[in-house]
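Notebook open, coffee poured. I want to walk through this fold strand by strand and write down what I look up.

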Amino acid sequence: GAEGRWAVSGGPMLASEIASGRASFSALGATSEAVWMETSKLFGRIGIYSVGSDDPLGISMLGVLKNVYTIGIGIAVGLNLGNNFYGAMGATSMVEIRRILKSFQYEVDSDLASELAGIGDLIATSGSGASHHRSIGIQIVQTGRVKTSEGTESARLIGLRLKDILGELPILDCIRDILSGK
């Protein structure tokens, strides 16, 4: 049966760029080599170039974390803090993301954060004017209101899961405080 046949992908794959025929890149984790090959071939037909990963859970977690940190970068953009600040925030976000991955009890490869599904996806998403989560951060600055999204809900849930290390994650702490109205 198909129950055990699945794949997960993450990386710089902005829908607007895929639709316009621009190259995109994916870290692709699958339940088997056959599923990886099949999915990679399918992605290749629409201009998504895939590299293999044996860590589908890590890829999934990075996608969730990217959305949360992109909201924070959107807030910085809305405040017009400048490219030097965005660069420092992006670098520090990656340090925090690696720390979060290491804190989970699962066998997750924290080095994955330095690859396509981590920093590649964060750079593409946080730098894109078409990014939904970046726009949410900008809107928070402009309106003072928080629009509910998978990123805002994930920030809340991540906080519940990471109670023991939250004080060690200043960017995540700040994002969560802003989203909760503190």
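**Strands**

I started with β1 and β2: four bridges join them, and the two run antiparallel. For pairing I go by DSSP, which has to find at least two bridges between two strands. Helices (H or I, at least four residues) and strands (E, at least two) are DSSP runs, numbered from the N terminus. I looked up one bridge by residue: S9 has L28 as its partner in β2.

Before going on, I noted that this is a predicted model, where local features need pLDDT of at least 70, side-chain atom pairs count only at pLDDT 80 or more, and totals for chains, interfaces and linings use all residues. Residues are numbered from 1 along each chain as its sequence is written, and side-chain values use heavy atoms, with hydrogens and water left out.

Next I checked which way the β1 side chains point. V8 and G10 point to one face and are buried, while A7 and S9 point to the other and are not. Buried here means under 20% relative accessible area, exposed means over 50%, and partly exposed is in between (1.4 Å probe, protein chains only). In a regular strand the side chains alternate between the two faces of the sheet.

Then I moved to β2 (residues 24-30) and β3 (residues 48-53), which run parallel and are joined by six bridges. S26 finds its bridge partner in β3 at S50. To get from β2 to β3 the chain goes through helix α2 (residues 33-45), and this β-α-β crossover is right-handed. Right-handed means that, with the strands pointing away from the viewer, the path from the first strand over the helix to the second runs clockwise.

**Aromatics**

How many aromatic pairs does the count come to? I got one. The rule takes rings of Phe, Tyr and Trp (its six-membered ring) with centres within 6.5 Å; planes under 30 degrees apart count as stacked, over 60 as edge-to-face, and the rest as tilted. The pair is F25 with Y49, tilted, at 5.9 Å centre to centre and 35° between the planes. F25 lies in β2 and Y49 in β3, so the pair ties together parts that are 24 residues apart in sequence. Both side chains' exposure went in the book too: F25 is partly exposed at 37% relative accessible area, and Y49 is partly exposed at 49%.

**Helices**

I picked M37 in helix α2. M37 is partly exposed, with 45% relative accessibility. Its C-alpha atom is 9.3 Å from that of G52, and the two residues are 15 apart along the chain.

Helix α5 (residues 116-127) took longer. Its buried residues include A117, G118, L122 and A124. The buried residues of α5 pack against β1 (7-10), β2, α3 (56-78), α4 (83-103) and α6 (132-143). I also looked at I123 in α5: I123 is exposed at 55% relative accessible area. From I123 to G90 I read 7.7 Å C-alpha to C-alpha, with their positions 33 residues apart in sequence.

Is S93 buried or exposed? S93, which lies in helix α4, is buried with a relative accessible area of 0%. Leaving aside neighbours within four places in sequence, S93 is in contact (heavy atoms within 4.5 Å) with Y69, L122 and I171.

**An odd loop residue**

N80 lies in the loop between α3 and α4. N80 has a positive phi of about 55° although it is not a glycine. Most residues other than glycine have a negative phi. N80 counts as exposed, at 64% relative accessibility.

**Whole chain**

Last, the overall tally. I have eight helices and three strands, in the order β-α-β-α-β-α-α-α-α-α-α from the N terminus on. The C-alpha atoms fill a box of roughly 50 × 40 × 30 Å along the principal axes. A compact globule with 182 residues would have a radius of gyration near 16 Å, and this chain has 17 Å, which agrees. That radius is taken over C-alpha atoms, and the globule rule is 2.2 Å times the number of residues to the power 0.38.

Of the 182 residues, 47% count as buried. Among contacts with a separation of 6 or more, 64% come from residues 24 or more positions apart.
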